[in-house]
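Student: I have a model to go through. Can we take it feature by feature?

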Amino acid sequence: MSNKNLDVKMEVEFMTINLNNSSVETRENRLGSIAGYNGDLNDLANQVKCGTLKDRERCFTQSSSCDAGCALGQLASITDVAVINHAPSGCTGMASQTIVNHTQLAAKRGVPYTTVFLGTDMNEQDTVFGATESLKEIIIKTYQRYKPNAIFIGTSCVSGIIGEDVDSIVDELKDEIPVPIAAVHCEGFKSKVWATGFDASDHAILTSIVKLPKKKNNIINFKNFNESARKEIIKIFANFGVKPFFLYANTTVEELTHLSEALATVSICGTLGTYLGNGLEEKYGVPYVKSINPLGVVGFETWLREIGSVINKPEDIENYIEKERAIYLPKIEEVKKELKGLRAVLGMGASYAFQVTRVLQELGIEVVWVASWHFDSKYDNGEIPPHLDYLVENSPNNFKVSVTDQQNFEILNILNKYKPDIYFGRHPGTTVWAIKQGTAALFLGDEFKTFGYRGTLDFAQTILDTIKNRSFEKNLAARITLPYTQWWYKQDSSSLLKGVVE
Amino acid sequence: MSDYIERPRYQCALGGALVTITTLDRFIPIVHSAPGCASSAEGAASTGSGYWGSTYCNGRATPSTNTLEKEIIFGGEERLKEQIESTLSMIDGDLFAVITGCMTDIIGDDVRGVVNEFKNAGKPVIVAETGGFKGNSSKGYDYILEAIFTQYTEKGLEKNPKLVNLFGLIPTQDVFWRGNLIELKRLLNELGLEVNTFFTPSDIVEDLRTASKAALNIVFSDVHGIAAAKVFEETHGTPFISVPLPIGPTATKEFLEEVGKKFEICSNKVQELIQKENTWYYSYVQNVGDIYNDIDLQRHAIIVGDSNYSFALTRFAVEELGWIPAYVAVTDILDVDEKENVKSRFDIIPKDLRPNIIFETNTSEIVSSILDDLKSTDNVYGDLPIAPAFVLGSTLDRTLAVEVNAGFLSVSYPVTNRVVTDQGYAGYKGGLRLTTDIFSVLLGNR
């Protein structure tokens, strides 16, 4: 923590988080994020450093995602809240699946899950006459009926366009309803970077739930999605005398009020963690661990050492690393022999795309193309994402990079041209298109899949399994037709990008 | 809006239109809306319909203008034009349909004007305004069918007196639409009719172009597809009948007789078919009669589903399973007339077997109104007054089944705990499958 003063100075200079506003600024405006680019690793890094990186739009686009899905999905993973989506019914269509997922995560842990996900069912009349009065009634009714410990009201394209003043409704009801209540501004048209939705949920938590610290505890806030490595991480952290607090899945509102009391915040994903981590650091002085993520060997060790310096236990960390290296590194070296010569393409979010690339390179796999769903030129601390610098210094090749928001036509064009041995994705409905075209694919839905030494070994073995029997995708690809014209496969994958957006 | 909805049992109008389009190979959607609209609707429909998943050009491949704030301020017509042009060169399709979302409907883009430019240039593009705030999937199904019938289906074709079109089963909203349509087509073929099902994997877009040849449209619903069938009649002169979804021998017999009469098919031929199908059906059911009696598989039924399934399943439980229906929850959002139509269907159920009918879409309200009613009922069995019970509903209704200690099978949307491919519950084959599935649940722990 010797450079603390420097940190503070940087924060003032690059302040992106404003907790006095009710709505979060988009990633485009806050972090210089883009959704359209084609080039390579070195060019991307140079452009970021020189400040010349500009977004490019496309003349053909395919369905993507919106802020609301991320924002409300995150909040609905808290176990004792009500999420009210002030939107037409279709926008709440995801609620069923969201609740199923979170109910199962809670059941796995054995904790109660009483959260409700409601929609206000806005209709044509509401677009003419407005619906704030009905919204108010629904909020009151929701509180009386379900007795949640907090209420989050999500805004939508429709509520945004017709100018519903949800903030005023929230203010009016604060006296009437005895639990925290917050507007979550996540209109689907607001940002082309749907990860802004993560920030919207964090903003709601920071502004309406987190309280001033009463006493410091020995807890490290751990931002993640599904807690799948919970037991493993509790055990690891016990070596250093600290406990992880995983969020938001399976947390209660009461637990979240104490986020300000933690020793530090870490995040499994840079995209997911930047707003809450930096927000807690700026407002409450809880240090945010900003190293590369704990995926793969180098990532895990760098991350552990950063934690060690934050909690002031560097020796404990070194002892742990030494012990674990002895167990796992020989096994990882062994499996690497079998992976040698494989070529990979990745399509993932802005942090995982580059972090998993690092892991694959550690395993000796050649990464030929990285498609990043968006790209953040900096994080909320004002710094360039650390995984980019790492790759510039350490990547054995200057691989191709595109920033493409799940644009399937570009991915299939790339796979057709580069014919990799395997494609990696993390978003439902993306990898299936690779196998339809005959490329083996591995879906990394579990964010802890490549976590630490054990996870890296497990990941390597899963890759081997994936390419071992390819009958499913071979048969499928041979018997179905894909929708793209032959013309498209003859074009360069970036040929539908237009000029830069000023 | 007047009240909240919990975890909707349908998509919005855009979603209903979108899944109707993408069910059919080479029928390509061009969604003119915000980036998340299509994936939200398709994600829900895909998982909610027993993991329907990706088709020729849906999911991550769905062309969408992904309109943002800029288009709200400056209008989205230029962007739409560009997207249609690029889609026509990118995607190999037979028919393209521009469908709109809330935001583009509210800002008032002249989408018809844009699409007309392409139509005039001979491109196969149609358009439907399907802003999500206009209604649910049912409305979207009607809107896209109306667009097809008025903009694509050829006018003035000579009628084929033996051709029928089947409507009313909204793809994915009816989780078993494929299997149901296949069985209904099989039966009508047996009567000597030619049948357009439109939305099974074996169907082609061309059938929609020549659908106007049909002598009759059969709408298997009191609600879904009725408005579109009226437009069809006005545009192409083909009349329609609205019939309930027939599940099992009794309902299917009635259906076949009605169609037989409509087409003036010799009644012997109709009765022969019914006889043959009955023989087939009972040659299997007689075998499971043993276990049905030996461990008493009669149940008190609670049925939760849309207007199509709530009645069809109740009838099946009463007429084929010998069960006692206790409660029926109809989960569609219906107007007063539609509610009356749906309710009157239940008049054919004998009075002493007629269940309590609730019109309610919210899962927890359904649970609480049934539990409240049960608490106020005399308890003659020592347990719950409806023990032993069985819930036929959506996966959302599993909680209700747990509350009343009932067996449970998911049939109505959303079905997320099963994989559905070619299964269907309509007709004779479907009736036997439903019997098989229900009894398999009851014996599942053996």
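Tutor: Yes. Helices (H or I, at least four residues) and strands (E, at least two) are DSSP runs, numbered from the N terminus. The model is predicted.

Student: In which loop does A:K147 lie?
Tutor: Phi of A:K147 is positive, near 45°, and the residue is not a glycine. A:K147 sits in the loop between α7 (132-146) and β5 (151-154) of chain A.

Student: Is A:K147 buried or exposed?
Tutor: A residue with 12 or fewer other C-beta atoms within 10 Å is exposed. A:K147 has 11 such atoms, so A:K147 is exposed.

Student: Is B:D296 buried or exposed?
Tutor: B:D296 is not a glycine either, yet its phi is positive, about 50°. Its place is the loop between α12 (267-294) and β9 (300-305) of chain B. With 9 other C-beta atoms within 10 Å, B:D296 is exposed.

Student: Why is helix α16 (residues 352-362) of chain A largely enclosed by the rest of the structure?
Tutor: Burial takes 20 or more other C-beta atoms within 10 Å. The buried residues of α16(A) include A:F354, A:R358 and A:L360. Their cover includes α14 (296-310), β10 (343-348) and α20 (452-468) of chain A. The helix is largely enclosed because of its buried count: 10 of the 11 residues.

Student: Which residue with a positive phi follows α16(A)?
Tutor: Its phi is near 85°. The residue is A:G364.

Student: Which helix gives the most to the side of chain A that touches chain B?
Tutor: The contact takes 60 residues from chain A and 57 residues from chain B. With 5 residues, the top contributor on the chain A side is helix α5 (residues 95-109).

Student: Which residue stands opposite A:L118?
Tutor: Strand β4 (residues 116-119) of chain A and strand β1 (residues 5-6) of chain B run antiparallel, joined by 2 bridges. Opposite A:L118, in β1(B), stands B:E6.

Student: How far apart are the centres of domain 2 and domain 3 of chain B?
Tutor: Domain 2 of chain B covers 160-262 and domain 3 covers 297-415. In their contact, 15 residues of domain 2 meet 18 residues of domain 3. Taken over C-alpha atoms, the centres are separated by 27 Å.

Student: What is omega for the cis peptide bond from B:Y413 to B:P414?
Tutor: B:P414 is in the loop between β13 (407-410) and α17 (427-442) of chain B. The bond is cis, with omega near -5°.

Student: Which residue follows A:L247 across a cis peptide bond?
Tutor: Omega of this bond is near 0°. The residue is in the loop between β8 (243-247) and α12 (253-256) of chain A. The residue is A:Y248.

Note on methods
Residues are numbered from 1 along each chain as its sequence is written. Chains are lettered from A and ligands numbered from 1 in the order in which they are written. This is a predicted model: local features need pLDDT of at least 70, side-chain atom pairs count only at pLDDT 80 or more; totals for chains, interfaces and linings use all residues. Two residues are in contact if their C-beta atoms, placed from the backbone, lie within 7 Å. Two strands pair if DSSP finds at least two bridges between them. Domain bounds come from an automatic or database domain assignment.
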